[in-house]
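Trainee: Please take a close look at the largest cavity and then work outward from there. Which residues line the largest cavity?

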Amino acid sequence: MAKIFRGTGVAIVTPFHKYGVDFTSLGKILEHVINNGVDYIVALGTTSEVPTLSPQEKSAVTDFIIENVDKRIPIMLGMGGNNTQELVEKIHSTNFDGIDGILSVSPYYNKPQQKGIYYHFKAVADASPVPVMLYNVPGRTGSNMTAETTLQLAELSNVIGVKEASGNLMQCMEIINNKPKDFLVISGDDALTLPLIAVGAMGVISVTANAFPKEMSDMVNFALKGEMKKANHLHYKLLDVTNMLFNDGSPAGIKAALEIMGLCTNNLRLPLVKANKPTISALQNLITEFQSVKNS
């Protein structure tokens, strides 16, 4: 089962219009990424602005993605929290038809000890009827899940991998060097995907792939096949635009890019706001240059 989450996953945005979720644009983005080679969809991840979605919207977005993906590629559902019992109850009450795995972020705000992180994820893994991928993102959670804790969790039968967004290459390499054979280490930093694959990671869950699914997927596939010259070319082709996408935070940058590309309007929900004008202008120039090179 872990093998289906190799390659490029895309952390899908949630397009909004003034009346709520813009399902027409969501459908366009899903077709854009599926038709351009991504390997799986991540629904209700951080990029989806999930904290600002109502329970009804979360259910509607999930159902829409399941229906429109129509089993063409796997779907991973974001399910995390900092109240372990509440999260376990949520898992028990969720219908997982059409869902192939869970992406579960390390508990945020509470700043638990490593022992607390371990037992939190053990409870999630025990409760989940589908495989669980851990998500370590200290920049958002306020605490780091150490390599030692990740490796302990990797021994649990229902834990298939970790999305590592610590930015700590030494930590990532320690996990890769000591993990069980089939345990996946997945990049959570678009710009670090190539170097992480070079040392043994198996792919990325990408924000950039919302806008540039073919280039990101091709880069990852070349790297996984050891065709590093081709992978390097695409890595550096994407690097400037990827960095600019995160200049004012995510998903502000990617929503600006998607509007420039005609895939959705650039609307976010408070407390998030649109990218600043200089960032949008820079993205416009980078995307125009990117597309002119692509079409030449």
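Mentor: The lining of the largest cavity is made up of Asp190, Ala191, Met216, Met219, His235, Leu238, Leu239 and Thr242. Two elements give two or more residues each to this lining, helix 9 (213-224) and helix 10 (228-245), where helices (H or I, at least four residues) and strands (E, at least two) are DSSP runs numbered from the N terminus. Helix 10 contributes the most, 4 residues. This is a predicted model, in which local features need pLDDT of at least 70 and side-chain atom pairs count only at pLDDT 80 or more, while totals for chains, interfaces and linings use all residues. Residues are numbered from 1 along each chain as its sequence is written, and side-chain values use heavy atoms, with hydrogens and water left out.

By residue class, the lining of the largest cavity holds 5 nonpolar, 2 polar and 1 charged; Ala, Val, Leu, Ile, Met, Phe, Trp, Tyr, Cys and Pro count as nonpolar, Asp, Glu, Lys and Arg as charged, and the others, Gly among them, as polar. The space in this cavity is about 50 Å³, and the structure has 1 cavity of 30 Å³ or more. On a 1 Å grid over the protein atoms alone, a cavity is a set of points where a 1.4 Å probe fits but cannot get out, a pocket is an open set with protein on both sides within 12 Å along at least five of seven lines, and lining residues have an atom within 4 Å of a point.

Helix 10 also takes part in the largest pocket, where helix 2 (55-69), strand 5 (75-78), strand 6 (101-105), helix 5 (138-141) and helix 10 each supply at least two lining residues. The volume of the largest pocket is about 1,400 Å³. It is lined by 49 residues, and Leu44, Gly45, Thr46, Val50 and Pro51 are the closest to its centre. Helix 2 gives the largest share of the lining, 6 residues. The pocket lining divides into 23 nonpolar, 17 polar and 9 charged residues.

Leu44 deserves a second look. It sits in the loop between strand 4 (40-43) and helix 2, and its phi is near 60°, a positive value in a residue other than glycine. Leu44 is buried, at 10% relative accessible area; buried means under 20%, exposed over 50%, and partly exposed in between (1.4 Å probe, protein chains only). Tyr109 likewise has a positive phi without being glycine, near 70°. Tyr109 is in the loop between strand 6 and helix 4 (114-127) and is exposed, with a relative accessible area of 74%.

Helix 2 leads on to the salt bridges (a side-chain nitrogen of Lys or Arg within 4 Å of a carboxyl oxygen of Asp or Glu), of which the structure holds 7. One of them pairs Glu57 with Arg269, with the closest N and O atoms 2.8 Å apart. Glu57 in helix 2 and Arg269 in the loop between helix 11 and helix 12 are 212 residues apart, so this pair links distant parts of the chain. Glu57 is buried, with a relative accessible area of 18%.

Helix 9, met above at the cavity, carries a salt bridge between Lys214 and Asp218, at 2.7 Å between the closest N and O atoms. These two are 4 residues apart and therefore separated by about one helical turn. Lys214 is partly exposed at 37%, as is Asp218 at 24%. Helix 4 has a pair with the 4-residue spacing too, Lys122 and Asp126, whose side chains meet at 3.1 Å, N to O. Lys122 is partly exposed at 28%, whereas Asp126 is exposed at 57%. Lys225, Glu227 and Lys230 are joined in a network of salt bridges.

Past helix 10, the bond from Ser250 to Pro251 is a cis peptide bond with omega near 15°, and Pro251 lies in the loop between helix 10 and helix 11 (252-260). Another cis peptide bond runs from Leu270 to Pro271, also with omega near 15°; Pro271 is in the loop between helix 11 and helix 12 (277-295).

How values were computed
Grid points are joined across faces, edges and corners, and a volume is the space filled by probe spheres set on the points.
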